[in-house]
Amino acid sequence: MGPRIMAEQRANKHLVDIAIAGSGTQMQEYYRAGHLEPISSAFILAEVKDVSLWWQKRHHYADPEKRYVFAMLGDVSVLMGAYNTHLLRPGEVRSWWDLLDPKWKGKIVMTDPKARGNVGNWRILYYSSDLGPRFIKRFIEEMDVRFSVDERQRMDWLG
């Protein structure tokens, strides 16, 4: 869709009213090309307009002017969790802290935290009152976690 929308914009044909995509590359291209209008005029519901109801009491944007690329995530995580049924029994891990058990050292695989779009998942852990930076530091330093951006590779490692 991206190249088509860009071509239509260059031809002065404005056929797209709303684009929903990740706040990364595609939206940034639209922003840099000047093809976006401020999004706040599209906010209709009072609970959307009222910034006091949002996390950190503000709307979150992914553009430098904080007007065009609205960053909204409606769930805690869209990523999956999986485990090897030959190594872990259901219910054996009851909390994040259980992952610090030395028996799991070198046996945990995750999406690389430097991968685009992955920071939100770490942010959830970081701001958790039960976990926070202390858990993240121990998890990374003690558990010899294997990171990869390739989901297929992670699943092979899991198996």
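Is K57 buried or exposed? K57 is exposed, because its relative accessible area of 57% lies above the 50% cut-off for that class. The model described here is predicted.

**Residues with positive phi**

K57 is not a glycine, yet its phi is positive, at about 55°. This residue sits in the loop that runs between helix 3 (46–49) and strand 1 (109–111). D144 is another non-glycine residue with a positive phi, here about 50°. D144 comes after helix 5, in the loop between helix 5 and strand 2 (146–148). With a relative accessible area of 32%, D144 is partly exposed.

The table lists relative accessible areas for four residues from different parts of the report.

| Residue | Location | Relative accessible area | Class |
|---|---|---|---|
| E8 | helix 1 (residues 2–10) | 12% | buried |
| K57 | loop between helix 3 and strand 1 | 57% | exposed |
| Y127 | helix 4 | 47% | partly exposed |
| D144 | loop between helix 5 and strand 2 | 32% | partly exposed |

**Nonpolar cores**

In soluble globular proteins, nonpolar side chains tend to be buried together. In this model, the largest nonpolar core has 12 residues: L88, L100, W104, I108, W122, L125, L131, F135, I136, F139, M143 and V145. Two elements, helix 4 (119–127) and helix 5 (132–142), each give two or more residues to this core. Helix 5 supplies the largest share, three residues. One of the core members, F135, touches W96, W97 and L100 when residues up to four places away in sequence are not counted. There is also a second, separate core of seven residues, among them I5, M6, Y31 and V69.

**The two sides of helix 5**

Which residues of helix 5 are buried? They are G132, F135, I136 and F139. These residues lie on the same side of helix 5, because they cover an arc of only 95° around the axis. The face turned away from this buried side carries R134 and E141, which are exposed. F135, I136 and F139 are also listed in the largest nonpolar core.

**Helix 1 and helix 6**

E8 belongs to helix 1 (residues 2–10). E8 counts as buried because its relative accessible area is 12%, and the cut-off for buried is under 20%. Not counting residues up to four places away in sequence, E8 touches K13, L15 and V16.

L158 has its place in helix 6 (residues 151–158). Apart from neighbours within four places in sequence, L158 is in contact with A82, Y83 and N84. How far apart in space are L158 and K107, C-alpha to C-alpha? The distance is 7.8 Å, while the two residues are 51 residues apart in sequence.

**A nonpolar surface patch**

W55, Y126 and Y127 make a nonpolar surface patch of about 360 Å². Of these, Y127 lies in helix 4, an element that also gives two or more residues to the largest core. Y127 counts as partly exposed because its relative accessibility is 47%, between the cut-offs of 20% and 50%.

Notes: Residues numbered from 1 in each chain as written. Predicted model: local features only at pLDDT ≥ 70, side-chain atom pairs only at ≥ 80, totals over all residues. Heavy atoms only, no water. Helix = DSSP H or I, 4+ residues; strand = E, 2+ residues; numbered from the N terminus. Buried < 20%, exposed > 50% of the residue type's maximum accessible area, 1.4 Å probe, protein only. Contact = heavy atoms within 4.5 Å. Core = buried A, V, L, I, M, F, W, Y, C linked by side-chain atoms within 4.5 Å. Arc of directions from axis to C-beta. Patch = residues over 30% accessible without salt bridge, like charges linked within 9 Å, V, L, I, M, F, W, Y side chains within 5 Å. Areas by Shrake-Rupley, 256 points an atom, 1.4 Å probe, with all protein chains shown as cover. Salt bridge = Lys/Arg side-chain N within 4 Å of Asp/Glu carboxyl O.
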